[in-house]
Amino acid sequence: MKYNCIKRLGLTATIIFGVANAGAVYAQTADELKNDTSDPSSILTYGMGYGQQRHSSLDMVNADNVGKLAPAWAYSLADTRGQESFPMLYDGVMYVTTHNSTVALDAVTGRQIWKSVIEYPAETPRVACCGIVNRGSAIYGGRLFRTTLDAHVIALDMETGEEVWRTKSIDYKAGYSMTVAPTIADGVLITGISGGEYGIRGYLEGYDPDTGERLWRTYTVPAPGEPGSETWKDGGDAWQRGGGPTWLTGSYDPELNTVYWGTGNAASWNAGLRPGDNLYTSTILALEPKTGAIKWHYQTSPNDPFDYDATNELVLATIDGRKVIMQANRNGFFYVLDRTNGELLAAPQFIDKVNWATGIDLATGRPMDTEVATKARTGEQVTYYPSAFGGKNWSPMAYNPDSNTVFINTFKDVGMQYKAVEPQYRPGVFYFGAEFAWAWPEGDRGELRAIDPMTGDVKWADSSALPRLAGVLSTAGNLVFTGGQTGEFEAFNAETGEALWSFNTGSGIVGQPVTWEKDGKQYVTVVNGAGAVYALFSGDERLATVPPGGNVWTFALVE
Amino acid sequence: MLIRLAASLCFLALFGAPVFAEDFDLTKAKRTYKDFCSHCHGIDMVNPGTSSYDLRKFPADQKDRFYTSVNKGRGDMPAWGDILLPDELDLLWKYVVTRGGKEPLPKEEAAVPATDTDQTQQHGSLTTKPGTLTACLAKNGGVMSSRRAKGGAGLDYALVTALADQMGLALEVEWFESEQEEESTPIRELYALLAYNVCDVMPGFALYETSLSAFYKTRAALPRYDNKPAHLGPEFQVDLEPISVSDPYARMEMGVVYRTPEFEREITQIADMEGLKIGVEQGTLAGVLTLRQGTSKMVADSITANPGPDFLWKMEQGAFDAALVTVGAYDFHKKQNFVSTLALDEYRHPIGFNLSVAMLKSRRDLLDQIDPTINAMIADGRMAALAKKNKVTFSSPKEPWVQSNLTMEDILLRR
């Protein structure tokens, strides 16, 4: 098996190399991807750079003039699902995805260049737990790569939108789906999988971007006998439905040639039925991009009963001279790890209310569980904080390296009433293994926070009645952009947290803002379109007055 | 404050005692809703209503629409018919019309739920419809039952007519089509029809040990039947329930059929057919017995063919000379083919199945009238006469009434 992969890879590398060298108009080379952050006229990697800092050096739009920010154009995605797509930009063309289409737009005018429609079986949405969404694409060598809800990986010609290849990852009927934006690392197209609440066995996969051939698959739950299997002590077949999905895009450090990818919660939620730590669920993995081999792992929530995925984005930074990765985990702690070896450097609590653990032991790297956690595992009814939404849900944070500040949309004081029950497995049906209900706070449910990553100290906070589920963008113009579920696209002073500007986009925002430059002018783009996990699961009726309907909005200063 | 109240109400409903749940299993309904529907329609059906339908507003008088939309899907909603079990769909409907157990079931729901087996008590009658005995019969039941423009034919049809008569009830027949698919065996169809209250009684139940117990607590699809409601798709499955059976009224046996008198032999066991070209009915008990109890030479030269009416037709055309088949199959062949060179030997294989009338256990009081009627009809020769009239080679029931599960020995022992 291994041997085969290596042989195939040898073949592949030459083909990719050939394409890159051909120097086609649309060729994005590996170097371009690596240096994404240094060229603001393009956005070639998910998270605005392989390190996913979502920080731009552009400062034409800044805290002094942001009041003059106004729409330049809007483009209708003709879709009423929640929109979470991360826009890509290359050579003046913007690429946006929805669950059923990919579009290429003229970035300056918003005019459609092509639209490529995706069809999938009508039954697929059954297995999409948290919204019929798509989070974006990867671009490389003149091609755009994306995943489909029914778990296919496809490549489109960036010039025409025509499908170049399509590879089925797995049968969606067993509960697998794909919403993740794939990524390119060391010439390999890497993707994850969703389905953590359907009793799947999670994995990551590497594909040949040229042919669509699968190069490797690394399961996040080991089979008996494989390394890590000793942490599944049930002695039965829990591992087969053990969870560990990989539904958010990983980061890549080209210097260390390492991909970092977070895995989701173990399944079912009933942790008592799967004694042991349950590797590699709720874990940060460091992998070798060419083979998918795991270099090191760090588990944030061993034997997790609370749906505490560790899938959240892994932001690369250099702090105090150390190469680190940072993650605002669902479980309420902010992890800073040495990314060369996985050593835990800091793990401050980044929200106010956490009651399942008193902290993370820096010596052992393990959480110090409270009675809430132990009771939950033995089937007692508990109220735990933060809820399954997490201290932070999927919506990505931003990191300003100049001020060493992280900007995060957090959930405020939202907890969950919880009781583990016997799960019933049926392919393609929820496999919760728990009864649950929300425990809402009396006041605001969300807070945008500016924090110090090493200490968790809060520099400023802006609370909101409804939690924000949009991504955050930081710019050198002393600005932080994000959006509200009620539709406002907002700008804050990055230093003080003062709300400087907002614009009602007409539908809720759960997308990911980006900024870019063209011909000496700075633009800010965000995709709106209410829906997805909070709208679906919270039952928050205040959202009834926010219509669905996705648009790509692009803003610039009024001249 | 309002929100808090709502949240704590939800919580109560989740863990606490249901308020209006006497009529159905609210806890199960809630879980089913959560597992299948909550990720679009919101936990406890609370959703902003902006992209998925607000189920709290679903009209309580549009049950058919609910079943159709959920089974087949609608607009952006996927279809669920192939994955939901029937009781789950029913529970979801009740969950939705009671607004999650917060309101009582509408009157008509509580009174005639589709699978409520207690209706008998409510009507003070042992049958679904007072004054009427409803029987399920297969349209394609060969010499035992077949549909006619008016009424029907066959021994089973004659039997239920006689039973209804004796009980002073009108007879209504629900004609169904026995599906020939692999997964659906006639026995499961029978259980499903009874459990879904399509009819009160069903003749033709072969008394075999497993058939009497094995299917309880499992589910099965309904075969097609004339009055099957449109909203029940082929995916629809029924929760099976325990049944009761009458005293046997006839016996299904296997015998040797040969072609033209020249192939006739003195037969006391299957191996006696040696020297003849033997047909083996694939996948049937008769076929298995032929292979296991025939001599090796016989088996080596045998011809295997698919079961069904074509089997004997192949023999008629000379494909083989003799075969072990059920006597009913021979009767049907003779009935369909006036000119035939096939004849039935007197030999009967010792393995046979007594036939009885099946009904839900909750209707077993019907047996007080059915059993004496059957026994009288056998005793005074009426049963045999009815069989003859319907071109059925009649065998009276034999002890033991219920054939015990076949063992390897039963199958291997030459007889």
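**Exercise 1. The packing of helix H13 in chain B**

Task: In this predicted model, determine which elements of chain B the buried residues of H13(B) pack against, and establish which residues of the helix are buried and which are exposed.

Solution. Step one is to list the partners: the buried residues of H13(B) pack against the strands E12 (254-259), E13 (278-281), E14 (303-305), E15 (322-326) and E16 (342-348), and also against helix H14 (327-336), which belong to chain B.

Step two is to identify the residues concerned. Helix H13 of chain B covers residues 309-316, and within this helix Phe311(B), Leu312(B), Met315(B) and Glu316(B) are buried. Viewed down the axis of H13(B), these buried residues lie within an arc of 145°, so they line one face of the helix. On the other side of H13(B), the exposed residues are Pro309(B) and Asp310(B).

Step three looks at what comes after the helix, where H13(B) is followed by Gly318(B), a residue with a positive phi near 100°.

**Exercise 2. A lysine of chain B and its neighbours**

Task: Decide whether Lys34(B) is buried or exposed, and find which residues Lys34(B) touches once those up to four places away in sequence are set aside.

Solution. Begin with the location: Lys34(B) is part of helix H2 of chain B, which spans residues 26-36. The relative accessibility of Lys34(B) is 7%, and because buried means under 20%, Lys34(B) counts as buried.

Next come the contacts. With residues up to four places away in sequence left out, Lys34(B) touches Phe430(A), Phe432(A), Ala434(A), Glu435(A) and Phe436(A). Within chain B, a further distance can be given, since Lys34(B) and Asp44(B), ten residues apart in sequence, are 7.9 Å apart in space from C-alpha to C-alpha.

**Exercise 3. Cavities**

Task: State how many cavities of 30 Å³ or more the structure holds, and describe the lining of the largest cavity by its residues, its contributing elements and its chemical character.

Solution. The count comes first: there are ten cavities of 30 Å³ or more, and the largest has a volume of about 420 Å³. The lining of this largest cavity comprises 32 residues, of which Cys129(A), Cys130(A), Glu197(A), Trp247(A) and Val533(A) are the closest to its centre.

The second step assigns parts of the lining to secondary structure, and here strand E29 (434-439) and helix H4 (532-538) of chain A each supply at least two residues. Finally, sorting the lining residues by type gives 18 nonpolar, eight polar and six charged.

**Exercise 4. Backbone exceptions**

Task: Locate the cis peptide bonds that lead into Tyr280(A) and Pro400(B), then describe the setting of Met48(A) and Ser282(A), whose phi values are positive.

Solution. The general expectation is that most residues other than glycine have a negative phi and that most peptide bonds are trans.

Take the peptide bonds first. The bond from Leu279(A) to Tyr280(A) is cis, with omega near -10°, and Tyr280(A) sits in the chain A loop between strand E16 (258-262) and strand E17 (283-287). The bond from Glu399(B) to Pro400(B) is also cis, with omega near -10°; Pro400(B) belongs to the chain B loop that joins helix H16 (382-389) and helix H17 (408-412).

Turn then to phi. Ser282(A), although not a glycine, has a positive phi of about 45°, and this residue lies in the loop between E16 and E17 of chain A. With a relative accessible area of 0%, Ser282(A) is buried. Met48(A) has a positive phi near 60° and is placed in the loop between helix H2 (30-34) and strand E1 (55-56) of chain A; at 8% relative accessibility, Met48(A) counts as buried.

**Exercise 5. The two chains described in turn**

Task: Give the secondary structure content of chain A and of chain B, together with the buried share of the residues in chain A and in chain B.

Solution. For chain A, the content is four helices and 38 strands, and buried residues make up 67% of its 559 residues. The accessible surface of chain A is about 17,500 Å², with 49% belonging to carbon and sulfur atoms. Among the contacts in chain A with a separation of 6 or more, 61% are between residues 24 or more positions apart.

For chain B, the content is 17 helices and 17 strands, and 52% of its 415 residues count as buried. Chain B exposes about 19,300 Å², of which carbon and sulfur atoms supply 53%. Residues 24 or more positions apart account for 72% of the chain B contacts with a separation of 6 or more.

Notes. Residues numbered from 1 in each chain as written. Chains lettered and ligands numbered in written order. Predicted model: local features only at pLDDT ≥ 70, side-chain atom pairs only at ≥ 80, totals over all residues. Heavy atoms only, no water. 1 Å grid on protein atoms, 1.4 Å probe; cavity = no way out; pocket = protein on both sides within 12 Å on 5 of 7 lines; lining within 4 Å. Points joined across faces, edges and corners; volume = space filled by probe spheres on them. Nonpolar A, V, L, I, M, F, W, Y, C, P; charged D, E, K, R; others polar. Buried < 20%, exposed > 50% of the residue type's maximum accessible area, 1.4 Å probe, protein only. Contact = heavy atoms within 4.5 Å. Areas by Shrake-Rupley, 256 points an atom, 1.4 Å probe, with all protein chains shown as cover. Arc of directions from axis to C-beta.
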